[in-house]
Amino acid sequence: MLRFLPMGLIVLLVLLPSLLILFATHRPMKARLPMAIAAFVSPLVMMGLLNFLPFLMNDTANASQWGRLVGLVLFGAGFFLPWVIFALFLHAGRKADAS
């Protein structure tokens with residue numbers, strides 16, 4: 001039962017910004033769909049990059065502590081990347097006032 005809570009939070013961290021981008025009505029679908037896909041796939045891309053570099057996942061015999069720390073930070077950042085993409089989507093195309 002306790003495993004469902006972290007998995008639910010992870011799904012919410014990834015799925016919610018993707019759905020918010022997808023169902024935003026103030027932009028055309030041609031602009032929303034690529035951003036929603038990018039927000040949904042970004043954690044998977046980050047995990048793939050981390051698994052591609054075994055030094056960051058502490059899979060090598062001579063991995064240092066800072067390498068593992070960078071891997072953990074990138075792993076956690078992968079779940080906040082959809083929210084960063086969501087914020088970029090909200091503010092994309094707005095002009096700053098020249099006053």
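How many helices and how many strands make up the secondary structure of the protein? In this predicted model, the secondary structure comes to 3 helices and 0 strands.

**Figure 1. Overview of the helical protein, with the pattern α-α-α along the sequence.** Of the 99 residues, 24% count as buried. The protein exposes about 7,300 Å², and carbon and sulfur atoms supply 76% of that area. Among contacts between residues at least 6 apart in sequence, 59% join residues at least 24 apart.

**Figure 2. Packing of helix H1 (residues 4–22) against helix H2.** The two helices pack at an angle of about 175°, with their axes 8 Å apart. Because angles over 145 degrees count as roughly antiparallel, H1 is described as roughly antiparallel to H2. On the H1 side, the contact is formed by Val14, Leu15, Ser18, Ile21 and Leu22. These residues meet Met29, Arg32, Leu33, Met35, Ala36, Ala39, Phe40 and Pro43 in H2. The residues of this contact divide into 11 nonpolar, 1 polar and 1 charged.

**Figure 3. Surroundings of serine 42 in helix H2 (residues 29–52).** Serine 42 has a relative accessibility of 8% and therefore counts as buried, the cut-off being under 20%. Leaving aside residues up to four places away in sequence, serine 42 touches Leu81, Pro82 and Ile85.

**Figure 4. The aromatic pair of phenylalanine 75 and phenylalanine 79 in helix H3 (residues 65–91).** The protein has 2 aromatic pairs. In the pair shown here, phenylalanine 75 and phenylalanine 79 lie 5.6 Å centre to centre, with 80° between the planes, and the arrangement is edge-to-face. The two residues are 4 apart in helix H3, so about one helical turn separates them. Phenylalanine 75 is partly exposed, with a relative accessible area of 38%, whereas phenylalanine 79, at 14% relative accessibility, counts as buried.

**Figure 5. The aromatic pair of tryptophan 83 and phenylalanine 86.** This pair is edge-to-face, with 5.9 Å centre to centre and 90° between the planes. Tryptophan 83 and phenylalanine 86 are 3 residues apart in helix H3 and are therefore separated by about one helical turn. Which of the categories, buried or partly exposed, applies to tryptophan 83? With a relative accessible area of 28%, tryptophan 83 is partly exposed. Phenylalanine 86, by contrast, counts as buried, at 15% relative accessibility.

Methods:
Residues numbered from 1 in each chain as written. Predicted model: local features only at pLDDT ≥ 70, side-chain atom pairs only at ≥ 80, totals over all residues. Heavy atoms only, no water. Buried < 20%, exposed > 50% of the residue type's maximum accessible area, 1.4 Å probe, protein only. Contact = heavy atoms within 4.5 Å. Areas by Shrake-Rupley, 256 points an atom, 1.4 Å probe, with all protein chains shown as cover. Axes fitted to C-alpha atoms, helices over the stretch in contact; angles between N-to-C directions. Parallel < 35°, antiparallel > 145°, perpendicular 65-115°, else oblique. Nonpolar A, V, L, I, M, F, W, Y, C, P; charged D, E, K, R; others polar. Phe/Tyr/Trp six-rings, centres within 6.5 Å; stacked < 30°, edge-to-face > 60°.
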